[in-house]
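Visitor: I'd like to go through a structure and ask how each label was earned. Can you show it to me?

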Amino acid sequence: MWIKICGTTNVDDALLAVASGADAVGFVFAPSSRQVMAQQVAEITPRLPAEIEKIGVFTTQDAKEILGAVTLAGLTGVQLHGDFNPTLIAALKDGTRGRLRVLQVVSFAREGGSEAERQFEVTLRNVFVDGKVDAVLLDTAKSGISGGTGLTFNWPRAAEIIRRVWPRESHCRLIVAGGLRPENVTAAIAQLHPWGVDVVSGVEASPGAKDSARVRDFIDAARRS
């Protein structure tokens, strides 16, 4: 199970994630209470083991801006929120000679009913047809906000749609986020069978500050699953 501890704002929390067994550390470059600048992250990433993935979270559609942050901050991957943009993904892949892991967020709405579910399915199919995304990260959308809500989505319904549309031959991985915490990550894994999980608020003492016990408990629960 691949595990990312996201919303990291300082070196101590990054090292805590590594020591607790995380595979990746995430940094939010998008507007947020956990937002960091590339120069801040550039002071953290050299302190981390080479095998730990360093993922930047972006909402911008500007490939030049993202690639600049990737280079300065020493990132190994990006997590893209917003509409699926094949042109952007191709530019990121080309700009790093294919070395950058690209995670595309696809949100499952807590409201919106069948139309929201239809859009979720359409987006998934488009991602698979394009074939350049390394992983789909499922998150929760609510009131127009895509991701970062700290809320769970309808896991059983999402699982039905995923089983119907996910190509057997796809290299794309499934990562689950959205309101995960030590107390529910086992249930999420049991229902969605992801390759990886991603957590932010579920392991925090306050926005941008990790709770060491909850980080360890989350990783232990995910590993046991």
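What follows is a chat about the labels given to some residues and helices.

Guide: One thing before we start: this is a predicted model.

Visitor: Fine. Why is Gln 79 called buried or exposed?

Guide: Buried means under 20% relative accessible area. Gln 79 comes out at 3%, so it counts as buried. You'll find Gln 79 in strand 4, residues 77-80.

Visitor: Which side chains make a polar contact with the side chain of Gln 79?

Guide: Lys 4 is one, with its side chain at 2.8 Å from that of Gln 79. His 81 is another, at 3.1 Å. The limit for such a pair of N or O atoms is 3.5 Å, so both distances pass.

Visitor: And what does Gln 79 touch, not counting residues up to four places away in sequence?

Guide: Lys 4 again, plus Ile 55, Gly 56, Val 57, Phe 58, Leu 103, Val 105, Leu 137 and Asp 198.

Visitor: What about Glu 53, buried or exposed?

Guide: Same test, with the cut-off at 20%. Glu 53 has a relative accessible area of 13%, so it is buried. Glu 53 sits in strand 3, residues 53-58.

Visitor: What makes the link between Glu 53 and Arg 101 a polar contact?

Guide: The distance between their side chains is 2.7 Å. With 3.5 Å as the limit, 2.7 Å qualifies, so the label fits. Leaving aside neighbours within four places in sequence, Glu 53 is also in contact with Trp 2, Asp 23, Ala 24, Val 25 and Thr 76.

Visitor: On to the cysteines. How many disulfides does the structure hold?

Guide: It holds 0. Cys 6 is in no disulfide, and the nearest cysteine sulfur to it, that of Cys 172, is 18 Å away.

Visitor: Why is there no bond for Cys 172?

Guide: A disulfide needs two cysteine sulfurs within 2.5 Å. The closest cysteine sulfur to that of Cys 172 is in Cys 6, at 18 Å, so it is too far for a bond.

Visitor: How do you know whether those two cysteines are buried or exposed?

Guide: By relative accessible area once more. Cys 6 has 3%, so it is buried. Cys 172 has 8%, so it counts as buried too.

Visitor: What makes the phi of Arg 97 worth pointing out?

Guide: Most residues other than glycine have a negative phi. Arg 97 isn't a glycine, yet its phi is positive, near 55°. Arg 97 lies in the loop between helix 4 (86-95) and strand 5 (101-109). At 73% relative accessibility it is over the 50% mark, so it counts as exposed.

Visitor: And what is the phi of His 193?

Guide: About 50°, a positive value, although His 193 is not a glycine. His 193 is found in the loop between helix 7 (185-192) and strand 9 (196-199). Its relative accessible area is 60%, over the 50% mark, so His 193 is exposed.

Visitor: Last one: how do helix 1 and helix 8 cross?

Guide: The axes of helix 1 (residues 11-20) and helix 8 (residues 212-224) come within 9 Å and cross at roughly 35°. The crossing is right-handed. From helix 1, Leu 16, Ala 17 and Ser 20 meet Ser 212, Val 215, Arg 216 and Ile 219 of helix 8. Those contact residues divide into 4 nonpolar, 2 polar and 1 charged.

Technical notes
Residues are numbered from 1 along each chain as its sequence is written. This is a predicted model: local features need pLDDT of at least 70, side-chain atom pairs count only at pLDDT 80 or more; totals for chains, interfaces and linings use all residues. Side-chain values use heavy atoms; hydrogens and water are left out. Axes are lines fitted to C-alpha atoms, for helices over the stretch in contact, and angles run from 0 to 180 degrees between N-to-C directions. Helices (H or I, at least four residues) and strands (E, at least two) are DSSP runs, numbered from the N terminus. A crossing is left-handed if the near helix is turned anticlockwise from the far one by less than a right angle, and right-handed if clockwise. Contact means heavy atoms within 4.5 Å. Ala, Val, Leu, Ile, Met, Phe, Trp, Tyr, Cys and Pro count as nonpolar, Asp, Glu, Lys and Arg as charged, and the others, Gly among them, as polar. Buried means under 20% relative accessible area, exposed over 50%, partly exposed in between (1.4 Å probe, protein chains only). A polar contact is a pair of N or O atoms within 3.5 Å; within protein, one must be able to donate a hydrogen and the other to accept it, and residues adjacent in sequence count only if both atoms are side-chain atoms.
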